[in-house]
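Student: I've got a two-chain model open and could use a hand reading it. Can we go through it together?

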Amino acid sequence: MADPMRIRAQAAGDKVTVRVLMSHEMETGQRKDAAGKVIPAWFIQEVTAQHNGKTVMTAQWGPSVAKNPFLQFSVKGAKAGDKITMSWTDNKGDKRSDEATVS
Amino acid sequence: MTTRRQMITRSAQVAAMLTTLGLVPNAVHAQAAYNTAAFEAKTMSDLTKALGISAPVESKDGTITGPDIAENGAVVPIGASTTLAGVKRMLLLVEKNPSMLSAMFDVSEAVDTSFSTRVKMGQSSNVFAVALMADGKVLYAAKEIKVTLGGCGG
């Protein structure tokens, strides 16, 4: 399983800014290795954000999102102490889910 | 000894467990099936066709943020945001990448229509933030980013 995501969720007013750093290779399928063989694509396809168990955002990504993807968004109506859960699925079917508490 | 009543209760529990294990992930998956055609689209017309949307119209209500010059095309920070209400979905496109579509965000009422992420860019190109509105309108904002070192080759 992949390394954990780093999630920071900070409350400011009635919004919570969530910053996520995922650990993923995000191989495009365009590059070639030293022997000239194409390195197969390997990237995160789906990302889901949940606020206290309710899905607030889903995203689909292509291989052109940078390696170790960063994502920032803000959740309305969230407050300190709430739970933000992020999960992703890559094109090999690998999954990872991590949770953070809003501070 | 196991009574009939216990047996029935237990099988109900097993059925409930199977439901949570089997059916719920399916439902989630169906909701966000990966749109391969859209992510393989090379041009704007292919992309609008794959997503079943009309051609985008430039709008001043959306903004795309990013550097004017990116030194490293492998990591280009870009952000898309709009002040408009009723956005269903936001797309981030890089015009001259092998596939245009980088990221697609499905927006709910509970999040701001403002996202930042990092993308790879093969060469200097226009980047677009496209907003799909609930009323069927498709709006975009564009910005040119110059790349001094490409991030897609090898």
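**Where the chains meet**

Tutor: Sure, and keep in mind that this is a predicted model. Let's start where the chains touch: 30 residues of chain B are in contact with 28 residues of chain A.

Student: Which element gives the largest share of the side of chain B that touches chain A?

Tutor: Two elements of chain B give two or more residues to that side, β6 (101-107) and β7 (114-119). The largest share is seven residues, and the element they come from is β6(B).

Student: By class, how many nonpolar residues does the side of chain B that touches chain A have?

Tutor: Let's go through the classes. That side of chain B has four charged and nine polar residues, and its nonpolar residues number 17.

Student: Which residue in β6(B) is the bridge partner of Q60(A)?

Tutor: Look at the strands across the interface. β4(A) pairs with β6(B) in the antiparallel sense, over five bridges. Within that pairing, Q60(A) has as its partner M104(B).

Student: And which residue in β7(B) is the bridge partner of Q72(A)?

Tutor: Here the chain A strand is β5 (residues 70-76), which pairs antiparallel with β7(B) over two bridges. The partner of Q72(A) in β7(B) is S116(B).

**Inside chain A**

Student: How many helices and strands does chain A have?

Tutor: Reading along the sequence, you get the pattern β-β-β-β-β-β-β. The count for chain A is zero helices and seven strands.

Student: Why is β4(A) described as largely enclosed by the rest of the structure?

Tutor: A residue is buried if 20 or more other C-beta atoms lie within 10 Å of its own. β4(A) is largely enclosed because the buried residues among its eight number six.

Student: Which residue in β4(A) stands opposite V47(A)?

Tutor: Start from the pairing: β3(A) and β4(A) run antiparallel and are joined by six bridges. They form a hairpin with two residues between them, and N52(A) in the turn has a positive phi of about 50°. Opposite V47(A), in β4(A), you'll find A59(A).

Student: Is M26(A) buried or exposed?

Tutor: M26(A) sits in the loop between β2 (15-21) and β3 (44-51) of chain A, and its phi is positive, near 50°, though it's a residue other than glycine. Most residues other than glycine have a negative phi. M26(A) has 23 C-beta neighbours inside 10 Å, so it counts as buried.

Student: What does N68(A) count as, with 16 C-beta neighbours inside 10 Å?

Tutor: N68(A) is in the loop between β4 (54-61) and β5 of chain A. It isn't a glycine, yet it has a positive phi of about 50°. Buried takes 20 or more neighbours and exposed 12 or fewer, so with 16 N68(A) counts as partly exposed.

**How far to trust it**

Student: Which element of chain B has the lowest mean pLDDT?

Tutor: Chain B has a mean pLDDT of 78, and 79% of its residues reach 70 or more. Among its elements, β7(B) has the highest mean, 89, while the lowest, 56, belongs to helix α1 (residues 4-31) of chain B.

Student: Over which residues of chain B does pLDDT stay under 50?

Tutor: For this stretch, the model has zero contacts beyond four places in sequence. Where pLDDT is low, the predicted coordinates should not be read in detail. The stretch of chain B is residues 22-31.

Student: What ipTM does the predictor give the complex?

Tutor: There are two scores for the complex. The pTM is 0.75, and the ipTM is 0.84.

Methods:
Residues are numbered from 1 along each chain as its sequence is written. Chains are lettered from A and ligands numbered from 1 in the order in which they are written. This is a predicted model: local features need pLDDT of at least 70, side-chain atom pairs count only at pLDDT 80 or more; totals for chains, interfaces and linings use all residues. Two residues are in contact if their C-beta atoms, placed from the backbone, lie within 7 Å. Helices (H or I, at least four residues) and strands (E, at least two) are DSSP runs, numbered from the N terminus. Ala, Val, Leu, Ile, Met, Phe, Trp, Tyr, Cys and Pro count as nonpolar, Asp, Glu, Lys and Arg as charged, and the others, Gly among them, as polar. Two strands pair if DSSP finds at least two bridges between them. pLDDT is the predictor's confidence in each residue, from 0 to 100.
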